[in-house]
Structures are given as structure tokens and as C-alpha cells.
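Here are my notes on the model you passed along. Have it open next to you while you read.

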Amino acid sequence: MATFTSTSRQPFNAEHVRKDFPFFETGVAYLDSANTSQRPRHVLYAMDEYFEQFNSNVHRAAYHVSEVATERYEGTREAVRRFINAHSAKEVINTRGTTEGINLVAYSWGQKNIKAGDLIVLTILEHHSNIVPWQILAAKTGARLEWVDVDEQGELRLEQYHALLEQKPKLVTLSQISNAIGTINPAKQMVHDAKRAGATVLVDGAQGAPHQGVDVRDLGCDFYAFSGHKMLGPTGAGILWGRRELLEAMDPFMAGGDMIKAVRQEGTTYADLPLKFEAGTQAVAEVIGLGAAIEYLEGLGMENITRHEREITEYAMEALSELPGLRIFGPPVERRAGVVSFEVEGIHPHDLSTIVDRHGVALRAGHHCAMPLMIRLDVPATSRASFYVYTIKDDVDRLVEAVADAQRIFA
Amino acid sequence: MPGQDLGVDEQFYREYILDHYKNPRNFGHIEHPTYTHEEDNPLCGDVVGIDLLVKDGVVDDIKFHGRGCAISQASASLLTERIKGMSLDEARTIGKEDVLSELGIDISPARIKCALLSLKVLKAGAWGLGEWPGEEEG
């Protein structure tokens, strides 16, 4: 395995952490980590090592390099189990990302368990990937969707949520953290209440797992989906965790090689968990990369990461607030992850993005795959700065300077 | 390293583009238009609508309304200026290259939809050409 980087076991220092990420040699002030993160050498090396030294398929061949590949691939599963504190690695399913994980549940669990007239509760804060699969499922089954609204601070209206729970929803699905405006939802309490109301509960951890980590047993949900590429891993590797008894009762999502026990002309018996849900050749290098990313995050310590992001977020909110005509969406910093979504009077987010890009600042503009929320906030789009382990105050300073320049140009 | 030359911004958002954005020409509605059409770009929320009054085969009056980024709105404003007084036949020959060269700036692939929204409205709506291939080719 690639040797661990020098930052581990030292007090957390983003300036040092940054040196592990070759991307920053470009000089770009990267403020789009809620979209996708950068990757440290530790991850890149782990993937290179696979390609260079034991490139082969997993679970199939009886030769040495394939055994090593399988061991590393399954090593990620165990690393994920530990990271999310699941009971068993059998509950850890490799997917391409959060989107695939949610689609898997909507298809394999949803089509079997959701019937006409059933209620599915979701929130207005959801990413499209936690909306559209349920709309499709509802259209197919005749189930209905109800949305939990937000208040003026972009926080879920819990009294409305509780009223919906009284209607005994079959499924509740919610994000741990809003990708668009950074709201940290009271997920544990919401899951608890939903379970008590008899619902099956999915939590979208795409923003939660990278920035706060998760203990799925403590959280108490039934399914938890997240993406590797937002947590220092490569694209194409994500995780769906599910309760064993639910996963066992579900039909496969994709069918093909590796997900079978035996195939006969008369029919097929499926593989046991987790391989039942991993049909076809998997993204072996990427899964290994995800394992390395988890190792790296654990080396830094999730509490350190959360604390650092809080500090940067607070700094950014203060600095941005000093600009005239700038309005920040979402809750106060205590209930906000490392995301600052804002609008600048008189400048469309896309114009702003174009101008700050010319200052070398990568800032997202758009609806952030949360169109229902944009409509609710009555904006066509927002500008969004998002932070991670490697974000430093200088990145924020450069953003503020660039926004000020845009204001000068548009004055 | 990108973004060191801060003068670039002024060049990109040239004075006349900002001027057309802040003081759009031919902004508003026509009471009894010959053609009227509006489209939006849901991806970024840009909206442009165009009213056209045609007399004897000539664009006698044109007005646009909308909201969105500077590129989309300036582009619409410039287009109305260009077309007003033109014969319909002549106006029909305007293509995306004309619109882009009139903007006179280097439009990145991500912003091409903004720049061409007004032309799309004109082609798809006012002239009833339906599925104009438009920005996807950009």
C-alpha cells in the first residue's frame, strides 16, 4: 500500500493538508467541493498501484494478482463499514455514487413495497437525485409525494414534518446536509420520529459523510447513500448502506455477472449480500481509491475536519457579509456545513462566476441540482462557495476580492 | 496561473455589453404584435421574450423583455437594435455567428446558451421555425 502522507498524526493544519493535493499547484482557489472534492496523492497512488501492480478483475481468478486486487477491493468495504459503523460489511454495497444508491432503493425496495395511495415524504432541500427517483416511483405505483418546507432561514419546518408523519408515510427520505445552502438537518431526530411513525427511512449522506461522517446505527435509518468523489475519493465509486434484513428481502437492481450463485437454463439463484447488488465488473481502482480516501480522512480526524470547515465558513460569512448588496441564504453558522450560497444585487450568478473565474476562483453558479428549493427561495440560481479540508482563508480572501471587483465592473 | 491580469474582466464585460444590460434598448412590449414568443433557459433562469410588429414585410417595431445574466440580456438588446427596420427576409438570415460576433467577446461553452437565447426566441417563436438546432451546436 502507498505510504501514508506526512500530515497524519500531526495537529490539523489546512496549509499542510493542502500540500498533499497536487491540484493546488494550479493556483486555483477551489471553492466547489460540495460539487466534487480534490484528491490527495494518497488516493492517486493507491489507484496507480492497482493499475501498475495488480490490475485484474476481482472475485474471479485464482491467481495471485487477482487475489491482491480482491483483497484491496474488499478492504474498502471493511474500511467503509468501520467509517460508518455498520454492523456488517455485507450491508455495504458498492455503487457509482449517491444517485445510483438512491435509484437502487427506489427500484429494488420501492417497487416491491410502495403501493397505490402510499405516502412518500421528502424535503424541499433535496438534491434532484433524491427527488426524481421518487417521482418516477410514485408515477409508476400511484403513491403520492409530500414535501417538507423550509422556513426563512432555510431550515426544515419540523411542525409540518410531524403533521406529515401522522399520515403514516411508507417512506421518508431526507438529506443529512443540504448541498445547495448548507443546512444541517436534525437528521437523527427526524429519523427517530419517522421510525416511530412506522416509516422506512433513507438518508442522503452525499454532503454528510464527507464533512461530518456518520454512524449509521446511531442515526437509526434504514438506508444511507453517499459518494466517494465528494470525500477525496475518485468519481465512480460510492456506497449504499442498508439494513441487512431489508437488503436480503430486496430483488437485484442490475443483473449479470458476479451477482449470481448459479445460473441454469431453468433459472438463477442470486449471490448473497453484498454481491447480489454488484452486477458486472466494478470500478475496482476507484473502489480502492475510496478506501484510501477513508484512510486519509480518518488520519485527519472527522472532528478536526468539521471544526476546520466551521472556522472557514464563519470567516467566509463574515467577510462576504461586509460586501454591500450581498445576501447569504441558509441558516446561521452553528447549523450550517461548509457551504455559503449567496446572491449579489445586480449581478447574475453566472456573470459573477465568469468574473471570479478570471481571478482564478472556482465558484459554482446555478441551481445546484435543487430546482424546487430555488423556486422556494424565489431565485433563478445562486452563487455557492463550498469548503473542505484543504480550504484556507486565502481562498476566501481571493473570492471576496473577486466579488468586489465584479461589483466594481457592474456598478 | 490563471486570473493574474485583472484588466481582462473589463475586456470581457465590455462597456457596451454592460451598457446594454443596464440600459436595454427596445425593452418592453408591443400592444398588438404580429408575433410574440418567450423562452427560458431553466438551467440558469434566463428569460427572454420578443414581440415583433411586421408591416409590408418589414420589422416595423420590436421589443423584448426578460431577465437573467448580462450576456443573455445584452445579446437580446443588441439583436433588437439590429433587426429593427430590417426586411423579414433579411432578418431571417441572421445566424448565431452574427450574434456572437456582435457580442464581440469570447463566450465559453458554458455561457453559449445565454448568448443565443434571444436568437432562439426569434427563430423558434417569431418565425415559426420550430425546432431550431440552436445552442446545442455551439
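Which residues have the most contacts inside the largest nonpolar core? Before the answer, some ground rules. This is a predicted model, where local features need pLDDT of at least 70, side-chain atom pairs count only at pLDDT 80 or more, and totals for chains, interfaces and linings use all residues. Residues are numbered from 1 along each chain as its sequence is written, chains are lettered from A and ligands numbered from 1 in the order in which they are written, and side-chain values use heavy atoms, with hydrogens and water left out.

1. The core. The residues with the most contacts inside the largest nonpolar core are I84(A), V172(A), Y224(A), L232(A), L373(A) and V389(A), and the core has 76 residues. A nonpolar core here is a set of buried Ala, Val, Leu, Ile, Met, Phe, Trp, Tyr and Cys residues joined through side-chain atoms within 4.5 Å. Buried means under 20% relative accessible area, exposed means over 50%, and partly exposed is in between, with a 1.4 Å probe and protein chains only. Helix α11(A) gives the most to this core, with 11 residues. Domain 1 (46-298) and domain 2 (301-410) of chain A each put at least three residues into this core; the domain bounds come from an automatic or database domain assignment.

2. Helix α11(A). Helices (H or I, at least four residues) and strands (E, at least two) are DSSP runs, numbered from the N terminus. The expected span of a helix is 1.5 Å times one less than its number of residues. For the 17 residues of α11 (284-300) of chain A that comes to 24 Å, and the end C-alpha atoms are 25 Å apart, which agrees. Of those 17 residues, 14 are buried. Just after α11(A), G301(A) has a positive phi of about 90°. On the other side, the loop between β10 (267-270) and α11 of chain A holds P274(A), and the peptide bond from L273(A) to P274(A) is cis, with omega near 0°.

3. Helix α15(A). This one has 18 residues (393-410) and reaches 26 Å from first C-alpha to last, close to the 26 Å expected. Its buried residues include V396(A), L399(A), V400(A) and V403(A), as well as D395(A) and R398(A). An α-helix has 3.6 residues a turn, so residues three or four places apart point the same way.

4. Chain B. There are 6 helices and 3 strands in chain B, in the order α-α-β-β-β-α-α-α-α from the N terminus. Buried residues make up 52% of its 138 residues. Two non-glycine residues with positive phi deserve a look. N26(B), with phi near 55°, sits in the loop between α2 (15-22) and β1 (35-41) and is buried at 16% relative accessible area. D56(B), with phi of about 50°, is in the loop between β2 (46-55) and β3 (58-67) and counts as exposed at 80%.

5. Pockets. On a 1 Å grid over the protein atoms alone, a cavity is a set of points where a 1.4 Å probe fits but cannot get out, and a pocket is an open set with protein on both sides within 12 Å along at least five of seven lines; lining residues have an atom within 4 Å of a point. Grid points are joined across faces, edges and corners, and a volume is the space filled by probe spheres set on the points. The largest pocket holds about 540 Å³. Among its 24 lining residues, the closest to its centre are H350(A), S353(A), L363(A), A110(B) and R111(B). The largest share of that lining, 4 residues, comes from α13(A). The second largest pocket has a volume of about 320 Å³, and of its 23 lining residues the closest to the centre are G97(A), T98(A), T99(A), S227(A) and H229(A).

6. Cavities. The structure holds 2 cavities of 30 Å³ or more. The largest has a volume of about 40 Å³, and its lining includes H211(A), Q207(A) and F387(A). The second largest, at about 30 Å³, is lined by S75(B), L78(B), L79(B), R82(B), V99(B) and E102(B).
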